[in-house]
2 protein chains.
Amino acid sequence: MTRTKVCVIGCGFGGLEAVRALARSDAVDVTLIDRTNHHLFQPLLYQVATADVAAPAVSGPIRHILRREMQRGRLTVLRAEVTTLDAGARTLTLEDGSTLAYEHLIVAAGATHSYFGHDEWSRFAPGLKTLADAFDVRARIIGAFEQAERTQDEAERAACLNFVIIGGGPTGVELAGALAEIARHTLREEFRHIDSRSARIVLMEGSPRVLGAFDEALSASAARQLRKLGVELHTGCQVTGIDAAGVDYTEQGQPRRLAARTVLWAAGVAASPLGRALAASAGAPLDRAGRVQVQADLSLPGHPEIQVIGDLAAATTPTRAGPKPVPGVSPAAKQMGRLAAANLLRRLRGEATRPFRYADYGALATLGRNAAVVQLELPAIGRLRFSGYPAWLFWLFAHIYFLIGFRNRLVVLIDWAWSYWTFARHARVVAQAVAPPKQAPS
Amino acid sequence: MTRTKVCVIGCGFGGLEAVRALARSDAVDVTLIDRTNHHLFQPLLYQVATADVAAPAVSGPIRHILRREMQRGRLTVLRAEVTTLDAGARTLTLEDGSTLAYEHLIVAAGATHSYFGHDEWSRFAPGLKTLADAFDVRARIIGAFEQAERTQDEAERAACLNFVIIGGGPTGVELAGALAEIARHTLREEFRHIDSRSARIVLMEGSPRVLGAFDEALSASAARQLRKLGVELHTGCQVTGIDAAGVDYTEQGQPRRLAARTVLWAAGVAASPLGRALAASAGAPLDRAGRVQVQADLSLPGHPEIQVIGDLAAATTPTRAGPKPVPGVSPAAKQMGRLAAANLLRRLRGEATRPFRYADYGALATLGRNAAVVQLELPAIGRLRFSGYPAWLFWLFAHIYFLIGFRNRLVVLIDWAWSYWTFARHARVVAQAVAPPKQAPS
């Protein structure tokens, strides 16, 4: 029996689900391509950045996660980067120049940061999408406190102790809450020349409220909880410039500047560059963020053999009030992954494909110790909202539940319990030494 | 009361012990300087490199380890690099150009790799001294298997599956044993186009036997155990060249070459460059490896206010047969740290210093699963040797016992139990993506 060659690009939540579903079928031979060797549980990445957990606790080698699928002999995993594709010839080009032929393609290449046309800000304000980003952010946070302890210059010390987080979505509030805890508790007694509690954690959000995807009452509750944790909240605040020494912004029409050595970017998301490749080669329509506007069944117009899922897809879901955009969250990506796999197999059997319908169970975000907001959509009952300690517990168990692998669940639970009771963060080690001096000629 | 200003350079085993002992005294104000923010439990660093444990399991933030000493208000910790020193003016120069005055100085700056005059080999054959080294080695090991799976070229595939470890001391045999286990067990069922068990793990040692510091019988046992684990042992083997494609060596007088993508360096150790700075400024005599030849009480000739300890010191210990060199192992470094602190305080009190006397309790090395050698020196009884499973158990508990911090002990024990029973290595994630392609102009 000849198996249909399927390529899946990206092993995030969407790609992983698609591969798992496809691997059950005898009709396909699957090649999964990812730039890294691991699947990342992105909702907990901020904890790697803020030194709460080690990287292996929230990520796992793709080969290990898929070892059972692998053993059936119909799955190939490649660590490679797809640089472009030819939808006419049905080939992918990899970063080493080699090509790979496919008959069906699922593109789940995800998203990257968008600096809204100011790519020069990326040097000064890293975002948080990959493990490498998390290590960079961790090194910057630790480095800022170390430099504050070291410097004799009062202005530099103040800038070292100013931490600016730009963007009040889930990642931004998580980072801000964790930083506040680091400054107020974790490092409290570990410096001699500074009081870590004097650090300012400044969260800047352009819109009038944080967590804009949540109900207004929960946004307000999140703002209160963040302030209680020690976060300075600046809403309606537009960032106009970022450089090595700080941030320019306007607030209530006034231009202002804050000197800060550490600036973290949690504001803009842009689709993977593969969106543009799909537009160029397959004529895929893109939205303003560069995401691919897929058809109801997640395929491209004119290219039923190509499906796009996850954060790279601008998909809609039918509601009584008409089609509604699907948010870029992991449950949506997983649901798309399963549907894309099922639709692909339906096509191979000559059956009609089915449209994507997003099952929205709500949203949740954590803000720090005992602080979170939860908004559940319950089918018969309607919307259920809660915040504070119960929401935090709910968030905790939901994330443990969805973490991949029994071992990771156990390890993260132990890490969290440890941090909770001791206020210590065990993953505070930074591999980089201070910048070595220029070699004297000798 | 005026406290004497003491600087300690380096927070390895020696520096940490010295600071702990000094912090108990009211007579001194201590500044500890390290290039990184963590103390590293170096004996287990190879497990970070071979993906058995995460970095935070074998390292801890210096500030956290010393938080109680910190709270007494007489200890400053600086993450900084000492670039040079002026023994006349009694100042240190840091990498940012600032200077620091001391009245007493303990230099515990450790060692780095020596490529025996072939520094150009370092690019192709990284050594293992720091967490950054360990991440580099891990990325190379994982990357080699990934590339073997990917390539269509048979010669390249073979080179990807050849792993050369140069140096048959403790680090070399540990790396070789762990690599053999990765190839034979961990990755066995996770590839489709290669059989990971076909990987060759080649250990090259210049002298006639591995683990030269051990008795001959234990060396022979170690060699047998390594072969059983799947390691190819080449003793009496001189490396003459290393490049991106492999290793040149002579064996039994014959020049040979082995194509290998992964070459790891566990052969030569050179003292920290601060040894040369001490020679230039304080006239300290150096040995061939660049280590400082200290006096019996660990101080420098003519500079009683400077003491050198740990791997940077070429110290001797009295024996019936005359002075014997102290080996570069962690128990020796710890003992020197304690004596240096005590001698410093004795000097402040106007008392005579005491000479260093190395209490040698023996040596142990692990080779892999259930495989190790142990050689104990028991005061009244004499030398006790054993190998195999009992030695491995002994090694395991000895290392757990000496790991710093209750949490780390617990975490490493859980990690080891997990690896032991499942053969999985949970820390196999590599942050780096494949090399991104050059940007096309657009």
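Of the residues of chain B, A54(B) comes closest to the rotation axis, with its C-alpha at 3.3 Å. This is a predicted model, in which local features need pLDDT of at least 70, side-chain atom pairs count only at pLDDT 80 or more, and totals for chains, interfaces and linings use all residues. Residues are numbered from 1 along each chain as its sequence is written, and chains are lettered from A and ligands numbered from 1 in the order in which they are written.

A turn of 180° and a shift of 0.0 Å along the axis lay chain B on chain A with an RMSD of 0.0 Å (least squares on the C-alpha atoms of residues with pLDDT of at least 70 in both copies). That relation is a two-fold axis. The copies meet through the same surface, because 98% of the interface residues of chain B are also interface residues in chain A.

Now look at chain A. Here 6 strands form an open sheet of mixed pairing, in the order 5-2-1-9-20-19. Strands are DSSP runs of E, at least two residues long, and helices are runs of H or I, at least four, both numbered from the N terminus. Two strands pair if DSSP finds at least two bridges between them. Strand 5 (75-79) and strand 19 (299-300) of chain A are the edges, each pairing on one side only. Helix 10 (residues 330-348) of chain A packs on the sheet and touches strand 1, strand 9 (104-107) and strand 20 (303-308) of chain A. Contact means C-beta atoms, placed from the backbone, within 7 Å.

Strand 1 (residues 4-9) and strand 2 (residues 28-34) of chain A run parallel, joined by 6 bridges. V8(A) has L32(A) as its bridge partner in strand 2 of chain A.

Notes. Two residues are in contact if their C-beta atoms, placed from the backbone, lie within 7 Å. Axes are lines fitted to C-alpha atoms, for helices over the stretch in contact, and angles run from 0 to 180 degrees between N-to-C directions.
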